[in-house]
Amino acid sequence: LTKKTLEVLKCDLNDIQIVFPKTNLFVYGTLLSRYINLNYYEIEVYDQTINFPAFNTTIYYYEFDLPYAGFLYIWFSATGTAKITVEGNYAGYQYRYVISSTGGEYIVPILPGIVRVYMENPNYYNSLTLTITIVYYY
């Protein structure tokens with residue numbers, strides 16, 4: 001880079017700003033800072049209700065192709081104990097996080113790639129109603 005090309009270079013821990021004339025690198029620097037601090041999110045599932053009838057072994061799942069490492073914020077409530085499993089695979093490494101509860105808020109770290117969130121009723125003899133929200137932070 002020459003003095004004519006680089007007009008301003010400013011870096012600090014809170015925000016990375018690089019300004020080149022007639023380019024969008026200033027915006028890129030701000031975006032980079034947001035990615036590093038996990039300031040972006042996408043609502044993958046919002047307030048979805050799923051009914052599990054008694055005497056049924058059906059497992060429901062959501063599948064997401066997530067481009068960045070980050071975490072899933074999972075909120076759910078259920079009329080009984082529900083089992084929620086988050087599974088993923090990255091570079092040959094498989095990971096799994098299992099939640100067994102009547103509800104709550106959970107933060108699950110994830111890696112890029114295909115991530116599946118399975119929901120099931122572990123009690124074969126009782127019906128279950130589950131309401132779930134999943135937000136992807138990256």
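Colleague: In which strand is Val-108 found?

Modeller: This is a predicted model, in which local features need pLDDT of at least 70 and side-chain atom pairs count only at pLDDT 80 or more, while totals for chains, interfaces and linings use all residues. Residues are numbered from 1 along each chain as its sequence is written, and side-chain values use heavy atoms, with hydrogens and water left out. Helices (H or I, at least four residues) and strands (E, at least two) are DSSP runs, numbered from the N terminus. On this basis, Val-108 is found in strand β6.

Colleague: Is Val-108 buried or exposed?

Modeller: Buried means under 20% relative accessible area, exposed over 50%, and partly exposed in between (1.4 Å probe, protein chains only). Because its relative accessibility is 2%, Val-108 counts as buried.

Colleague: Leaving aside its neighbours within four places in sequence, with which residues is Val-108 in contact?

Modeller: Contact means heavy atoms within 4.5 Å. One partner, Tyr-97, is 11 residues away along the chain, and its C-alpha atom is separated from that of Val-108 by 7.3 Å. The full set is Gly-70, Phe-71, Leu-72, Ile-74, Val-86 and Tyr-97.

Colleague: Over how many bridges do β5 and β6 pair?

Modeller: Two strands pair if DSSP finds at least two bridges between them. In this antiparallel pairing, Gly-88 stands opposite Tyr-95 in β6. Strand β5 covers residues 70–90 and strand β6 residues 93–110, and the count of bridges between them is 17.

Colleague: Which residue takes a positive phi in the hairpin of β5 and β6?

Modeller: The hairpin has 2 residues between the strands. With phi near 55 degrees, the residue in question is Ala-91.

Colleague: Over how many bridges does β5 pair with β7?

Modeller: Strand β5 also pairs with strand β8 (residues 128–137), in the antiparallel sense over 8 bridges, and there Ser-77 stands opposite Thr-131. Towards β7, Ile-84 stands opposite Met-119. The β5 and β7 pairing is likewise antiparallel, and its number of bridges is 6.

Colleague: Which strand gives the most to the largest nonpolar core?

Modeller: A nonpolar core is a set of buried Ala, Val, Leu, Ile, Met, Phe, Trp, Tyr and Cys residues joined through side-chain atoms within 4.5 Å. The largest one has 28 residues, of which Leu-72, Phe-76, Ile-110, Ile-132 and Ile-134 touch the most other members. At least two residues come from each of β3 (41–52), β4, β5, β6, β7 and β8. With 7 residues, the strand that gives the most is β5.

Colleague: How many salt bridges are counted?

Modeller: A salt bridge requires a side-chain nitrogen of Lys or Arg within 4 Å of a carboxyl oxygen of Asp or Glu. Glu-63 and Arg-116 meet this rule at 2.6 Å, N to O, and Arg-96 and Glu-87 do so at 2.5 Å. The count comes to 2.

Colleague: How many residues apart in sequence are the parts tied together by Glu-63 and Arg-116?

Modeller: Glu-63 is partly exposed at 42%, and Arg-116 is partly exposed at 31%. Glu-63 lies in strand β4 (residues 59–66) and Arg-116 in strand β7 (residues 113–120), so the separation of the parts they tie together is 53 residues.

Colleague: Does Arg-96 count as buried or exposed?

Modeller: Its salt-bridge partner, Glu-87, counts as partly exposed at 22% relative accessibility. Arg-96 has 60% relative accessibility and therefore counts as exposed.

Colleague: What accessible area do Tyr-41, Ile-43 and Tyr-46 have together?

Modeller: Patches are made of residues with over 30% relative accessible area and no salt bridge, like charges being joined within 9 Å and nonpolar side chains (Val, Leu, Ile, Met, Phe, Trp, Tyr) within 5 Å. Accessible areas come from the Shrake-Rupley method with a 1.4 Å probe, and for residues only the protein chains shown count as cover. Tyr-41 is found in strand β3. The three residues form a nonpolar surface patch with a joint area of about 390 Å².

Colleague: Where does Phe-55 lie?

Modeller: Phe-55 is not a glycine, yet has a positive phi of about 60 degrees. At 54% relative accessibility, Phe-55 counts as exposed. Its position is the loop between β3 and β4.
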